[in-house]
Amino acid sequence: MYSHQGSSTSPIMEVENEAVEQELEVESNADEMSEEELDLDHLDQPNEGTETGEKGAVEGANPFEKKQRKKKSTIWEDMTIVKQPDGTLKVQCNHCKELFVKNPSGATSQHKHHLKNCLQKRLAVGEENQKRQQVLSFTEGPSDGITSITNFSYDHAKVRELAAHMVLVHEYPFSMLDHVVFNKFMKAASPFYKKINRQTVKEDCVTAFMLEKRRLRNILKGANRISITTDLWKSGQKIQYMVVTGHFVDSDWVLQKRVLNFCNVPPPHTGVIIADALSKCFLEWGIENKVSTITVDNASYNDVCIRRVKEDFSLRKRLSIGGKIFHVRCCAHILNLLVQDGLNQIVDVIDVVREGIKYLKNSESRLNEFAKIKKQLQLPSRKLILDCPTRWNSTYLMLASALEFRDVFPRYGDIDPWFHYVPSEFEWMKVEEVCKFLGIFYEITNIISGSDYPIANLFLVELYRIKELLNEKALDFSDHIRFMAESMALKFDKYWGESNVLMSLGAILDPRYKMVLVNHTFPVIYGEVAAPRYIDEMRCILYDLYNEYVDAYISSHSEEPPREAGKRKHSEISSKSTQGAAKKLGVNVLTGKEKFQMVVSEIDKAPPEKSDLDVYLEEGRYVCDANANLDVLGWWKGERWRFPILSRLASDILAIPVTTVASESTFSAGGRIIDDRRASMSVETVQMLLCGNDWIRNLHGLKNKSREPLDVSESSTIEEIDLPDI
């Protein structure tokens with residue numbers, strides 16, 4: 001028998017141990033090999049998850065071929081070996097589908113380099129988010145302050161949305177996003193940026209327009225009453241557009257202004273056609289039962305338009321206080337009519353001054369000579385102003401500046417025989433008196449134009465000063481001043497003698513004025529005899545309007561919402577069940593809470609001794625600095641709990657604009673957008689751009705561009721010329 005002594009293992013175990021040692025040696029050598037050297041032995045077997053699939057690879061394998069080693073390189077997570085039609089094998093990137101030559105030696109350096117820079121892989125896999133240090137994104141607040149920090153993630157949809165907002169807000173052409181350098185700039189800012197063509201950005205602008213229109217419609221549903229301003233404007237396309245702007249106070253007691261329509265009104269532009277266009281606008285926005293006032297200028301067709309709309313509203317019984325404040329005339333336009341009528345009395349002097357400034361402006365040598373004389377006389381002013389004849393305030397500035405050079409004009413006329421524009425001393429005296437006369441009108445115009453929202457409470461306190469001045473100048477010794485005052489007084493009585501109800505309501509609802517201002521100004525406006533009658537009429541109108549709001553308040557609170565009714569029903573059942581249990585015990589119980597509720601309910605049923613309006617009028621005025629700009633709407637917001645009904649009335653009255661300035665600012669934007677290169681735009685595109693501009697600005701909390709200063713067509717600055725030493 002064969003002996004196994006002297007051997008620690010049997011021959012079979014020795015064979016097995018020898019095989020194990022060889023296998024361990026191979027694994028040890030494999031660990032010492034680099035990853036690329038391991039790939040040298042890879043054969044042409046498709047990877048798992050390839051288009052052929054694992055099952056197909058097994059079924060197609062030759063059983064006599066050497067079993068292939070599993071791929072260990074990380075590149076095969078993003079690369080696939082594909083067979084070409086000609087039978088060659090290629091390595092394809094799973095992300096960008098780019099093909100590479102398969103190295104027979106199995107080297108993968110080329111593939112690693114590609115995956116490191118493959119943009120599609122970075123977008124799909126999010127390689128940037130896998131880095132140890134993430135790229136941070138800073139979200140800015142309304143005041144450009146950082147409010148939050150998040151990990152950066154490129155969102156092309158958000159980029160497209162903001163690009164559309166940029167085009168609408170800044171009035172850029174659609175083609176801007178096709179500009180070569182702009183796209184290079186965006187690519188440098190973010191390598192993920194993808195170009196947006198002009199057609200795409202136009203479609204995105206339309207989408208943003210529709211989204212904001214839907215949002216605005218929901219906001220208007222929550223508005224109590226809406227005031228409208230409207231005007232017509234002819235563009236460079238020779239198309240007549242009508243702008244409709246809505247003014248209202250939102251749920252946060254913030255005065256809001258939105259452009260509702262910027263539409264084409266085909267000729268003829270009669271009052272009936274404009275009234276129909278307005279009615280269509282109201283129906284489109286669902287505000288036909290919320291419009292309280294319409295502010296327009298004094299064109300004759302507007303009188304017909306407002307009368308037609310007023311008749312339609314009367315049929316639906318939607319007019320407050322019989323429509324006494326429905327038609328609001330633009331105060332700035334009336335003021336312009338007054339002053340232009342007065343300036344016609346000295347039109348000859350104005351023409352002389354205007355033509356003289358034009359003559360000086362057309363030659364630099366003339367300005368130099370004029371400046372020399374100014375320097376000899378040691379005059380501080382250095383500016384001449386050339387007016388726009390249709391804007392009285394620019395004419396006023398031209399005359400005021402020319403007055404400072406009244407001694408220079410005749411001296412310059414002595415050295416320039418062609419200068420025939422020297423007013424006489426009497427004419428200069430007329431100019432000086434006219435400038436003093438018009439100073440108050442200029443200041444009032446600045447008050448109106450300097451306010452973003454010129455509302456009713458601003459004007460009565462200045463209106464009476466105009467009437468007071470006209471009464472004084474009607475007795476002036478100068479004939480031209482007296483004629484000016486008489487002519488302007490006729491216009492004043494025509495437009496404001498009977499139609500200052502809105503301005504009076506606004507003044508009464510200003511806590512600084514109340515009825516005190518009305519009692520002070522009406523004797524000046526109407527005379528001492530007629531003033532008491534107008535004051536009583538104004539008080540009756542105020543109480544009638546207040547009673548309308550009381551009725552609306554009662555009707556809105558009379559019906560309880562279903563959910564609240566359900567709660568009350570449940571509580572009543574619980575109370576009855578408790579009382580029933582007490583009665584079963586033979587005890588008649590009346591708790592203290594129930595007894596208190598009975599007393600309070602009797603008190604609530606009793607009518608109040610004084611209304612909100614009575615309490616408000618009997619209280620003293622709100623005292624503050626005369627030059628302080630009191631936020632009247634903010635004051636009423638703070639008092640809304642004390643005056644729940646009157647505060648709502650005040651907010652609606654204070655939302656009514658007394659000018660059409662809002663329309664003029666929209667027309668200014670229209671003039672910039674419809675330039676010579678974009679004159680072929682459709683009216684639908686124009687409306688989308690103009691309304692979208694206004695809505696997106698409000699979305700981002702941006703104020704509208706400040707209105708341009710006085711429309712002075714040309715101006716010259718007189719340079720100081722040093723005289724040579726003598």
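Which residue in β8 is the bridge partner of methionine 242? The structure shown above is a predicted model, and the answer can be found by following two of its strands. The bridge partner of methionine 242 in β8 is cysteine 263. Strand β7, which covers residues 240–249, pairs with β8 in the antiparallel sense, and 9 bridges join the two. Another of these partnerships links phenylalanine 248 to glutamine 256 in β8. Together, β7 and β8 form a hairpin in which 5 residues lie between the strands. Tryptophan 253, located in the turn, has a positive phi of about 60°.

The hairpin belongs to a wider arrangement. An open sheet is formed by 5 strands in the order β8-β7-β6-β9-β10, and their pairing is mixed. Strands β8 (255–264) and β10 (327–329) each have a single partner strand because they stand at the edges of the sheet, so one side of each is left without a neighbour there. From one strand to the next, the twist averages 25°. Helix α10, made up of residues 300–315, packs on this sheet and touches β6 (226–234), β9 (291–296) and β10. The direction of α10 makes about 175° with that of β9.

Is an edge strand such as β8 enclosed by the rest of the structure or left open? Of the 10 residues of β8, 9 are buried, so the strand is largely enclosed by the rest of the structure. Arginine 258, which has its place in strand β8, offers an example. Its relative accessible area is 10%, and because buried means under 20%, arginine 258 counts as buried. Its C-alpha atom is separated by 5.3 Å from that of glycine 246, although the two residues are 12 residues apart along the chain. If neighbours within four places in sequence are left aside, the residues in contact with arginine 258 are Leu216, Val244, Thr245, Gly246, Phe248, Asp694, Trp695 and Asn698.

Attention now turns to pairs of helices. Two packed helices are described by the angle between their axes and by the distance between those axes. Helix α11 (residues 331–343) and helix α18 (residues 479–496) have axes that come within 8 Å and cross at roughly 155°. An angle over 145 degrees counts as roughly antiparallel, and α11 is therefore roughly antiparallel to α18. Their crossing is right-handed. In this contact, the residues of α11 include Ile334, Leu338 and Val339, while those of α18 include Met488, Phe492 and Trp496. The residues of the contact of α11 with α18 divide into 12 nonpolar, 2 polar and 2 charged.

A further pair consists of helix α13 (residues 364–376) and helix α15 (residues 408–415), whose axes are 10 Å apart and which pack at an angle of about 125°. What is the orientation of α13 and α15 to each other? The two helices are oblique to each other. Helix α13 passes α15 in a right-handed crossing. On the α13 side, the residues that meet α15 are Arg366, Glu369, Phe370, Ile373 and Lys374. On the α15 side, they are Val408, Phe409, Arg411, Tyr412 and Ile415. The residues of the contact of α13 with α15 comprise 6 nonpolar, no polar and 4 charged.

Terms used: Residues numbered from 1 in each chain as written. Predicted model: local features only at pLDDT ≥ 70, side-chain atom pairs only at ≥ 80, totals over all residues. Heavy atoms only, no water. Pairing = 2+ DSSP bridges. Helix = DSSP H or I, 4+ residues; strand = E, 2+ residues; numbered from the N terminus. Axes fitted to C-alpha atoms, helices over the stretch in contact; angles between N-to-C directions. Contact = heavy atoms within 4.5 Å. Parallel < 35°, antiparallel > 145°, perpendicular 65-115°, else oblique. Left-handed = near helix turned anticlockwise from the far one by under 90°. Nonpolar A, V, L, I, M, F, W, Y, C, P; charged D, E, K, R; others polar. Buried < 20%, exposed > 50% of the residue type's maximum accessible area, 1.4 Å probe, protein only.
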